[in-house]
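Welcome to this short tour. Open your viewer, get the mouse ready, and follow along one selection at a time.

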Amino acid sequence: MVYDSARPTVLRRLDTIHHSALRICSGAFRTSPVESLYVICHQLPLHLRRQKNSALYFFRAQSVLRHPINQLTLPVSLRRLYAARPSHILPFCERAKMLLHGSDLNITIQSSDFFCFPPWDIPHFSYLNPFSGFDKSSTAPVTFQQLFHHHRYRYSSFIPIFTDGSKSDGYVGCGVIFPSDTLSYRLYNCCSVFTAELVTIFCALQEISPSSQRNFFILIALSALETLSHYDTQMHPVGLEILSILVSSE
């Protein structure tokens with residue numbers, strides 16, 4: 001990852017290509033201001049996109065304790081050299097630190113140990129989907145209701161947990177519904193519905209972690225569940241023997 005490591009004169013060549021592409025996609029005139037193209041096409045200028053990607057990569061690197069970037073520091077002698085020769089491009093770490101320092105953001109990066117489980121010993125999970133094989137557009141709602149009631153009767157000794165996430169103009173939230181309680185959370189407006197659905201899973205597992213009851217089934221969105229099943233990731237180290245995760249028809 002070497003964002004913004006090229007010379008400014010080289011990077012400006014990409015701006016010309018980027019602007020031409022935006023004009024073609026939007027059908028704008030050649031005389032249209034570049035700023036208008038960014039607004040119409042919902043695109044960031046390339047220099048801001050590079051800054052965004054640099055910050056995101058720097059955050060990911062900082063969250064890993066043993067990441068090589070975390071051990072890199074620029075000696076004082078080299079700092080003086082770069083200060084005396086502004087045409088020389090700073091290393092990535094130094095550029096990222098200057099970018100964050102200039103943004104006046106109060107940022108706390110939470111560390112994560114991605115190597116707590118070796119790749120061959122990552123926990124797996126399975127789930128039940130009683131709605132598989134039924135097309136929502138051609139299946140009557142009463143059929144899905146019957147399938148749900150049958151599943152609920154089959155696992156009547158398990159405590160049901162309902163989760164859902166939603167997004168509207170200026171609001172992103174999620175909720176977790178237990179038989180005796182309802183929890184709701186508001187997320188940042190930049191979050192997607194998919195992120196909200198994943199947060200509900202995390203919140204639900206956090207709530208049932210200290211419980212003495214060991215039998216639960218969680219109803220979550222199909223998109224979130226399929227993504228988790230494709231990636232062999234540990235959902236949450238709660239140590240629960242959850243029988244199944246039921247997928248909703250949404």
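Let's begin with a puzzle: is Phe158 buried or exposed? Keep in mind that this is a predicted model. Select Phe158 and turn on the surface. Phe158 is buried, because its relative accessible area is 12% and the cut-off for buried is under 20%.

Next, add Tyr155 to your selection. Tyr155 is buried as well, because its relative accessibility is 12%.

Now look at how these two rings sit. A pair of aromatic rings is described by the distance of the centres and the angle of the planes. By the rule used here, there are 5 aromatic pairs. One of them joins Tyr155 and Phe158, with 5.8 Å from centre to centre and 90 degrees between the planes, an edge-to-face arrangement.

For another group of rings, select Phe131, Phe134 and Phe144. Ring pairs connect these three residues into a cluster.

Time to zoom out and switch to the cartoon view. How many helices and strands does the protein chain have? You should find 8 helices and 5 strands. Trace the elements from the N terminus and you will meet them in the order α-α-α-α-α-α-β-β-β-α-β-α-β.

Finally, show the whole surface. The protein chain has an accessible surface of about 16,900 Å², and carbon and sulfur atoms account for 58% of that. Of the 250 residues in the protein chain, 29% are buried. As for contacts between residues at least 6 apart in sequence, 61% link residues at least 24 apart.

Terms used: Residues numbered from 1 in each chain as written. Predicted model: local features only at pLDDT ≥ 70, side-chain atom pairs only at ≥ 80, totals over all residues. Heavy atoms only, no water. Phe/Tyr/Trp six-rings, centres within 6.5 Å; stacked < 30°, edge-to-face > 60°. Buried < 20%, exposed > 50% of the residue type's maximum accessible area, 1.4 Å probe, protein only. Helix = DSSP H or I, 4+ residues; strand = E, 2+ residues; numbered from the N terminus. Contact = heavy atoms within 4.5 Å. Areas by Shrake-Rupley, 256 points an atom, 1.4 Å probe, with all protein chains shown as cover.
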